[in-house]
Amino acid sequence: MQETISDILTKIGYPSDLRALPESKLEEVCAALRKFIIDEVSIHPGHFASSLGVIELTVALHYVYNTPYDRIVWDVGHQAYPHKILTGRRDKFCTLRQMGGLCGFPTPAESEYDTFAAGHASNSISAALGMAVASNIHGEDRKVVAVIGDASISGGLAFEGLNNASSHPNDLLIILNDNKMAIDKNVGALYNYLIKISTSQRYNQLRYKAYSTLKRYNLMKDSMRRAVIRFNNSLKSLFSHRQNIFEGLDIRYFGPIDGHDVVSLVHFLRKIKDLNGPKMLHLCTIKGKGYEPAEREATLWHAPGKFNPETGELVREDASGMPPLFQDVFGKTLVELAEADSRIVGITPAMPTGCSMNFMMERFPDRTFDVGIAEEHAVTFSGGLAKEGCLPFCNIYSSFMQRAIDEVIHDVSLLKLHVVFCLDRAGIVGADGPTHHGAFDVAFFRAIPNMIVCSPINEHWLRTLMFTATKVDGPMMIRYPRGRGSLVDWQCPLSEVQIGKGYCLKEGADAAVLSFGPIGNEVTKAIEIAEQSGRSIAHYDMVFCKPLDIQLLKHVFSKFSHVVTVEDGTLVGGFGSAVLEEANRVGYKGAIDCLGLPDSFVPHGTVAQLYHLCGIDAEGIASKLMVNDND
């Protein structure tokens, strides 16, 4: 009886099982993987279109290379689902992105096949180069492959890796997965270059024959290899009538070739597997390959949530009567501000829909800039705009901003330039886990001179702080979380508030809670719980972490012997630390409990589960408030 597609996949527990199959079965394996991912992700949501685009590549890599001894380094974990399924995790795939289940990204803590962490972009070439050089140092015959998308290759770290790839002896293979997409469409000169680049078939045949002859006579020493590559560059110019940026860096270039022909991929990988020196293989793939709705609208299907796999109909929550997403309040308010102030421009690194900068793009296309996956550039570009009289609103996800702290310090704050940093996805983000939680931004930013650091408790305050940011003299950071706020009626008049001033939300007699940002809504619930036991709790929304409201703290310290700080960010160097520093300065003798994220990486799970784990949900906060001062 002929095997079914599912039968084929169930016989593959690990890559060794895959390598035992004949090549004639590989297309069936790819079909089985594609169906499995479609069925599973439709029920257990995750990143979708990216993984469909690399199925053939994943199968070919594990078929040709002796993994896990040979190393595959993935750039951005969005594309690693087929890899997880083929490396012993198929039966656990239903737990993807759930607390205690599989991580949505490669992580060495989960599997020896996951050679490096891959939550963010552009690190694969540098990491893989380090592995390849280490293999040479240790005298190991280990092959190392870096898989990087054409969007990730626009990041500065990728260029640094490329620049050093031929500086040390190594046989690294870089696979450029060119699907013409990141999440939104790719931008920039490098993207346009990849679209146009071509390789003459005649040239490839001549080069391969020449290399094989030189290798047969043991003439491919390092000095000879470099000379041959330089000669290759001349041939490339002759046959294809254009220079090749990669071979200009002494990296041998192959392609572009079809990334969805698995058998051809296997044959090609075998041909170049043992070639000496750094190499790049350029693949053309389709994001969402094999699932027509995802091929048609790749941005929508990057992480679509639940859907009907037969019809492609998305399962959407009924948002009527619900508060808006914080990102949409940002996007629509930015348009409102830009209509009134011609200085305002918007900057985002490859996330216009993710942060709702697309509203500004539609209304003011000439004043909105998607700079690609290039956070460092986004910050310094914003500094340049500000230096010449523009008012940049630079929107970067909190965890992605970590890449650009040096630029914030050197290129904005040192010059006291008027740049507004809007940090989306601040705090716990949920299923994306430790690589994406916005845990550290407050600790980073409050250490920077000239910087204002604030966070709104709700949508009205986000609008108010954005308007206030247009009036300050210098840089300002506004952080807000992923997901929905707390106010259905989110629109309010725009007004300016005093920098560094907090507010009393509720009076009390027994203890005081100082909250920073939207976590204050959990504090409100916690106080209701605590006061059922007879306690009287005051609540203050500090709004600003830097500068702190010193007068308000002076009042709190004089009235209360028990103070609790609550934040959705790391406790180390965060808002609570700032309060403790002021308490120490003035000699406060009462008790201060600081609640927030621990000095460890918080795992993945739902936001509610992780709040509970960290003790910053209503129940956890209430437990601190129900302790008598005399206990």
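The following paragraphs lead through selected strands, ring contacts and one serine of a predicted model.

A convenient starting point is strand β11, which covers residues 476-479. Its side chains alternate in direction: Met476 and Ile478 point one way, while Met477 and Arg479 point the other way. Each of these four residues is buried, the arginine included. Strand β9 (residues 420-424) runs parallel to β11 and is joined to it by four bridges. Within that pairing, phenylalanine 421 has methionine 477 of β11 as its bridge partner. Strand β10, formed by residues 452-454, also pairs with β11 in the parallel sense, here over three bridges. In this case isoleucine 452 is matched with methionine 476 of β11. The connection between β10 and β11 involves helix α20 (residues 459-469), and the three elements together make a right-handed β-α-β unit.

The aromatic residues offer a second route through the model. Across the whole structure, a search finds 20 aromatic pairs. One of them is formed by phenylalanine 516 and phenylalanine 575, whose ring centres are 5.4 Å apart. Their planes meet at 20 degrees; because planes under 30 degrees apart count as stacked, this pair is classed as stacked. The pair links distant parts of the chain, since phenylalanine 516 belongs to strand β13 (residues 511-516) and phenylalanine 575 to helix α23 (residues 575-586), 59 residues apart. Both partners fall below the 20% limit for burial: phenylalanine 516 is buried with a relative accessible area of 2%, and phenylalanine 575 is buried with a value of 0%. Elsewhere, ring pairs connect Phe48, Tyr291, Trp301 and Phe307 into a cluster.

Aromatic rings also take part in contacts with arginine. The charged end of arginine 142 is placed over the ring of tyrosine 69, at 4.2 Å from the ring centre. Likewise, arginine 403 lies over the face of phenylalanine 400, where the distance to the ring centre is 4.9 Å.

The final site is serine 623, a residue of helix α25 (residues 618-625). Its relative accessibility is 40%, so serine 623 counts as partly exposed; this class lies between the limits of 20% for buried and 50% for exposed. A polar atom of the serine 623 side chain lies 2.6 Å from the backbone oxygen of glycine 620. Serine 623 can also be related to a part of the chain 96 residues away: its C-alpha atom and that of isoleucine 527 are separated by 9.9 Å.

How values were computed
Residues are numbered from 1 along each chain as its sequence is written. This is a predicted model: local features need pLDDT of at least 70, side-chain atom pairs count only at pLDDT 80 or more; totals for chains, interfaces and linings use all residues. Side-chain values use heavy atoms; hydrogens and water are left out. Buried means under 20% relative accessible area, exposed over 50%, partly exposed in between (1.4 Å probe, protein chains only). Helices (H or I, at least four residues) and strands (E, at least two) are DSSP runs, numbered from the N terminus. Two strands pair if DSSP finds at least two bridges between them. A crossover is right-handed if, with the strands pointing away from the viewer, the path from the first strand over the helix to the second runs clockwise. Rings of Phe, Tyr and Trp (its six-membered ring) pair if their centres lie within 6.5 Å; planes under 30 degrees apart count as stacked, over 60 as edge-to-face and the rest as tilted. A charge sits over a ring if NZ of Lys or CZ of Arg is within 6 Å of the ring centre and within 35 degrees of the ring normal. A polar contact is a pair of N or O atoms within 3.5 Å; within protein, one must be able to donate a hydrogen and the other to accept it, and residues adjacent in sequence count only if both atoms are side-chain atoms.
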